[in-house]
Amino acid sequence: MVKEKFHTSKTTVLDENPLNSDGLYPDPEKLLSKDTINLNILKRLVGQSVISVDQFDKELVLEVCKFAALLESTEIASSHPLDGKIVITAFFEASTRTRLSFESAVLRLDGKIVSIANGNSTGVAKGESLSDIGEMFNAYGDVVVMRHTETESVDEVMSNLRIPLINAGNGSGEHPTQALADWFAILKWKPQLKGEVTKEAKIHLGILGTPGSMRAVNSFLRMSLLFRQGIRKISIVSEMADPLGEELEELLSASGVEYFITNDINEVVSDLDVIYMNSIAFLGDSYRSLDSRFKLHKDSKLKDDAVVLHPLARLDELDPNLDTTTHNLYFTQAHGAVFIRQALFISVLNRFAKLPKEHIPFSE
Amino acid sequence: MVKEKFHTSKTTVLDENPLNSDGLYPDPEKLLSKDTINLNILKRLVGQSVISVDQFDKELVLEVCKFAALLESTEIASSHPLDGKIVITAFFEASTRTRLSFESAVLRLDGKIVSIANGNSTGVAKGESLSDIGEMFNAYGDVVVMRHTETESVDEVMSNLRIPLINAGNGSGEHPTQALADWFAILKWKPQLKGEVTKEAKIHLGILGTPGSMRAVNSFLRMSLLFRQGIRKISIVSEMADPLGEELEELLSASGVEYFITNDINEVVSDLDVIYMNSIAFLGDSYRSLDSRFKLHKDSKLKDDAVVLHPLARLDELDPNLDTTTHNLYFTQAHGAVFIRQALFISVLNRFAKLPKEHIPFSE
Amino acid sequence: MVKEKFHTSKTTVLDENPLNSDGLYPDPEKLLSKDTINLNILKRLVGQSVISVDQFDKELVLEVCKFAALLESTEIASSHPLDGKIVITAFFEASTRTRLSFESAVLRLDGKIVSIANGNSTGVAKGESLSDIGEMFNAYGDVVVMRHTETESVDEVMSNLRIPLINAGNGSGEHPTQALADWFAILKWKPQLKGEVTKEAKIHLGILGTPGSMRAVNSFLRMSLLFRQGIRKISIVSEMADPLGEELEELLSASGVEYFITNDINEVVSDLDVIYMNSIAFLGDSYRSLDSRFKLHKDSKLKDDAVVLHPLARLDELDPNLDTTTHNLYFTQAHGAVFIRQALFISVLNRFAKLPKEHIPFSE
């Protein structure tokens with residue numbers, strides 16, 4: 001390490017600072033606790049593509065998160081569980097951050113990568129159909145991670161694909177592995193949300209953004225509904241008049257969770273337990289300034305133990321002066337994403353048998 | 001697998017469907033049959049660059065194809081034959097498809113890759129000479145795979161190169177590994193073309209494109225002449241008045257193979273056994289529509305057992321409605337290219353000794 | 001090998017041609033001679049970032065160069081000393097040559113790479129702060145190699161970085177690994193510069209370029225001052241009136257080394273022992289012709305045993321007709337850079353224990 005850093009909370013004094021010396025919520029083992037990981041549930045992912053949050057139920061999300069916690073807290077990687085497997089990272093919409101997260105996950109498990117880092121500027125962009133590109137993927141890898149600017153890209157590439165696809169964001173569609181990383185972070189912060197919680201322990205969830213048109217927000221909201229037993233209320237802060245759209249509104253209504261829509265975060269911030277942000281000003285390749293109704297900083301009236309999520313990169317909607325406080329769950333969220341992706345690769349490629357038996361609390 | 005797919009031929013009913021469940025001509029072992037692979041012939045490639053089809057004779061093409069068939073049908077890759085070797089993939093003309101084919105080939109054999117995915121937009125483009133780039137390659141890898149927009153690029157980079165180069169397409173020059181992949185597919189389809197064939201079994205070969213100015217077509221035609229004993233006639237379909245140019249015309253005349261030039265595929269299609277297509281409308285960075293004289297689709301008057309080759313990507317010259325018919329040899333061709341490239345790397349780098357002895361029918 | 005090449009000096013006849021059959025100064029063992037490598041000195045690099053030449057003293061430079069010589073002359077790489085480690089190569093200013101040198105170094109030691117080959121055109125460029133990018137690097141790798149157009153980029157990314165960073169060039173700042181490669185080549189050429197030298201053996205060092213504003217020249221000059229006991233005189237050839245700037249001028253004055261500034265190489269060339277060149281006409285993305293006052297070629301009045309360094313790529317300031325003479329130390333310099341970088345990675349990541357004990361002349 002270049003230097004040791006000891007972040008200390010500046011806005012809150014907790015009995016026990018939950019952050020480790022790297023400023024992260026460190027304790028994946030707390031999430032795992034004495035549970036075993038149910039292999040039969042994880043094996044539902046074998047050979048499957050991961051396209052939408054709708055493929056998941058709560059128990060599958062939990063087993064994936066527990067498996068990720070295990071991968072984060074033990075040295076399982078050294079058993080080379082992805083040995084001999086090739087992952088294709090196909091980014092037709094460039095995203096260095098997401099691509100590196102996936103590639104790092106694979107390489108640490110000794111898998112290999114062939115990479116299309118910038119699909120829009122390379123040969124495949126010249127008029128070739130996505131279904132032909134899907135057929136190409138069959139020949140060159142064992143699983144594809146794809147990001148694309150178009151929502152329908154996933155359906156198109158799947159029409160000829162015979163290997164599993166992990167959707168890393170399709171237009172205004174979904175971003176399911178991000179939602180898993182989001183909830184992995186939340187469950188580290190409050191492991192009791194795994195099961196039944198008392199009325200007092202239920203959380204008020206704030207979402208800054210437009211679930212109806214932003215894929216990460218959409219996927220996060222859908223996954224949150226799987227944990228509705230632990231949620232007291234969902235507040236959506238958006239400048240759009242109808243931030244949900246018909247389908248999500250029905251889903252939310254049917255869930256029985258109380259929800260509230262506003263265009264000013266200050267109206268609800270002091271009651272929120274979890275605040276999910278996004279670079280909501282970031283539209284395609286341009287972005288613009290947000291006014292204070294959508295920004296968070298150290299002077300925001302946050303509850304002492306509220307936490308903030310953000311699927312980085314951020315612009316100025318989230319002030320760096322929050323980084324060194326215990327409100328910062330977003331760094332934990334980014335770090336954990338690597339292990340969520342590892343859990344998915346091992347499951348989809350059915351490489352459980354490669355893991356060191358003695359360290360793994362698997363049950364069937 | 002995401003889903004099982006059982007392609008059934010829609011236009012032909014064969015006694016025995018030659019396609020496997022992936023829609024590919026699957027049986028590389030038939031090509032290998034009970035032959036041994038002559039190691040002395042393969043070893044002619046040790047330390048050599050692969051620049052042009054003219055370096056090959058028929059027996060070398062056959063041993064490379066038989067070796068590729070072996071690699072495709074056995075688990076030889078797990079012996080890590082390229083362990084410790086670095087392949088530089090230098091694409092000064094971007095081609096995601098070709099680059100991924102080479103990289104996948106190397107990684108499955110446990111070789112390593114340093115990649116110039118888009119040479120035109122990076123540092124090397126800023127006025128540096130190709131001979132200096134060749135000297136750079138000496139320091140950073142064990143073999144170079146290069147694609148370049150300029151025909152003379154290969155000579156220039158070779159002037160300082162002391163490691164082998166595999167030519168992955170140089171301007172309007174050659175694309176020899178594509179021609180090997182093309183003939184690998186043809187030999188899987190009709191293994192008897194390896195040796196003497198009866199007059200009735202000889203094939204009529206149709207080539208859509210301009211051999212004189214398109215590298216893949218050029219290399220394919222040159223390699224086809226090595227198999228002239230199995231070829232009854234070659235028909236070239238091109239909109240150009242002189243699609244061959246002087247050198248190829250002499251070569252073709254000297255070969256003794258009957259040939260015919262037309263500008264309408266419909267004139268010959270019903271007699272063709274093998275149809276070699278290309279994105280002939282694709283010129284540099286622009287492309288334009290082709291009229292029906294150069295297109296193939298399910299209603300084309302194909303012979304029942306005719307096969308179509310295409311070194312993808314395709315535009316609309318080749319209708320996807322042919323994909324699920326037994327005419328589709330182009331997917332087999334694309335899949336096989338990976339193993340052709342593996343055979344070349346193992347040969348050029350002389351890694352035969354790394355292969356598991358017991359499984360390899362090598363003779364010397 | 002494609003072909004054997006035997007370069008023979010055209011301008012000088014030495015008793016013993018120091019170049020090997022590849023045209024390189026080949027003998028890293030001469031540099032190492034019977035010395036042991038002092039592990040305690042190398043271990044000063046463990047966990048450290050490598051930002052500036054100012055972090056080095058002469059004894060550390062020497063141990064790094066001796067370690068690089070050992071790596072160049074033995075088969076240590078096969079012990080996989082970087083197994084399980086991920087290096088992030090983050091090039092926010094594209095440089096294929098430098099990126100490949102680092103990546104090749106890592107891969108030959110069995111480390112893994114995640115690569116941002118062209119940072120300016122990818123997601124991270126869209127308004128994200130470098131300190132956030134630093135936090136991202138923490139999650140995805142064990143060490144970062146960064147090149148950036150801005151001098152202050154290193155400080156910014158370091159503000160959140162908890163893993164070591166290797167500075168591969170920051171704006172007009174520094175390029176310390178290049179300076180190590182430069183001196184590695186000089187020490188191969190004249191190993192006695194390691195220690196005390198007689199007055200007659202001291203060298204006259206010529207630098208073409210502007211140390212005050214060109215990072216590689218700046219770093220080279222700073223490192224040269226560590227070897228001032230072997231330097232008789234430093235001549236700086238630059239078209240700028242004040243090529244040094246205040247800080248370097250003070251440093252140079254304080255060193256006690258005689259120095260001389262001119263704008264015409266022909267004024268000093270016949271007395272120079274080492275000539276350090278650079279593409280001085282290359283400014284940002286544009287370049288322009290240099291007149292003869294800044295060019296070297298075979299008819300330049302070089303001393304018989306003078307050597308030329310150049311941290312390629314070159315334009316026309318350095319004529320290729322010098323390549324096949326013994327003046328050419330620049331190819332040796334480029335090849336050696338790979339081993340310098342390997343020595344740094346093994347040291348920074350503290351992987352000495354992975355090296356095969358029996359072959360390593362380490363002392364503590």
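The exercises below, each with a worked solution, concern a predicted model.

**Exercise 1. The sheet of chain C**

Determine the order in which four strands of chain C form an open sheet, and state which strands stand at its edges.

Solution. Begin with the order, which reads S3-S2-S4-S5 in chain C, the pairing being parallel. Next consider the ends of that order: strand S3 (112-116) and strand S5 (165-170) of chain C each have a single partner strand, so one side of each is left without a neighbour in the sheet. From one strand to the next, the twist averages 15 degrees. Then take one pairing in detail: strand S4 (residues 143-148) of chain C is joined to S5(C) by four bridges, and these two strands run parallel. Within S5(C), Asn167(C) is the bridge partner of Met146(C). Finally, add the helix that accompanies these strands, helix H4 (residues 96-108) of chain C, which lies across strand S2 (86-91), S3, S4 and S5 of chain C and runs at about 160 degrees to S3(C).

**Exercise 2. Two helix pairs**

Classify the packing of H8(B) with H9(B) by its angle, and then treat H4(C) and H10(C) in turn.

Solution. For the pair in chain B, start from the geometry: helix H8 (residues 215-226) and helix H9 (residues 245-255) pack at an angle of about 20 degrees, and their axes are 10 Å apart. Because angles under 35 degrees count as roughly parallel, H8(B) is roughly parallel to H9(B). The crossing in which H8(B) passes H9(B) is left-handed. On the H8(B) side the contact is made by Asn218(B), Leu221(B), Arg222(B) and Leu225(B), which meet Glu247(B), Leu248(B), Leu251(B), Leu252(B) and Ser255(B) of H9(B). Sorted by class, the residues of this contact comprise five nonpolar, two polar and two charged.

For the pair in chain C, the axes of H4(C) and H10(C) come within 9 Å and cross at roughly 55 degrees. The two helices are therefore oblique to each other, and H4(C) passes H10(C) in a right-handed crossing. Among the residues that H4(C) brings to the contact are Phe102(C), Ala105(C) and Arg108(C), while those of H10(C) include Val338(C), Arg341(C) and Phe345(C). The full contact divides into six nonpolar, three polar and two charged residues.

**Exercise 3. Relating the chains**

Find the operation that lays chain C on chain B, and name the relation that it represents.

Solution. Recall that two copies of a chain are related by a rotation about an axis and a shift along it. For chain C laid on chain B, the turn is 120 degrees and the shift along the axis is 0.0 Å, with an RMSD of 0.0 Å. That is the relation of a three-fold axis. In chain C, the C-alpha nearest the axis belongs to Ala117(C), at 5.1 Å from it. Chain A is likewise superposed on chain C by a rotation of 120 degrees with 0.0 Å of shift along its axis, at an RMSD of 0.0 Å. In chain A, the C-alpha nearest the axis is that of Ala117(A), 5.1 Å from it.

**Exercise 4. Backbone exceptions**

Locate the cis peptide bond that involves Ala313(A), and describe the phi of His80(A).

Solution. As a reference, most residues other than glycine have a negative phi, and most peptide bonds are trans. The cis bond joins Leu312(A) and Ala313(A), with omega about 10 degrees, and Ala313(A) is found in the loop between strand S12 (307-309) and helix H10 (330-348) of chain A. His80(A), although not a glycine, has a positive phi of about 55 degrees, and this residue lies in the loop between helix H3 (58-73) and strand S2 (86-91) of chain A.

Note on methods. Residues are numbered from 1 along each chain as its sequence is written. Chains are lettered from A and ligands numbered from 1 in the order in which they are written. This is a predicted model: local features need pLDDT of at least 70, side-chain atom pairs count only at pLDDT 80 or more; totals for chains, interfaces and linings use all residues. Side-chain values use heavy atoms; hydrogens and water are left out. Two strands pair if DSSP finds at least two bridges between them. Axes are lines fitted to C-alpha atoms, for helices over the stretch in contact, and angles run from 0 to 180 degrees between N-to-C directions. Contact means heavy atoms within 4.5 Å. Angles under 35 degrees count as roughly parallel, over 145 as roughly antiparallel, 65 to 115 as roughly perpendicular and the rest as oblique. A crossing is left-handed if the near helix is turned anticlockwise from the far one by less than a right angle, and right-handed if clockwise. Ala, Val, Leu, Ile, Met, Phe, Trp, Tyr, Cys and Pro count as nonpolar, Asp, Glu, Lys and Arg as charged, and the others, Gly among them, as polar. Copies are superposed by least squares on the C-alpha atoms of residues with pLDDT of at least 70 in both.
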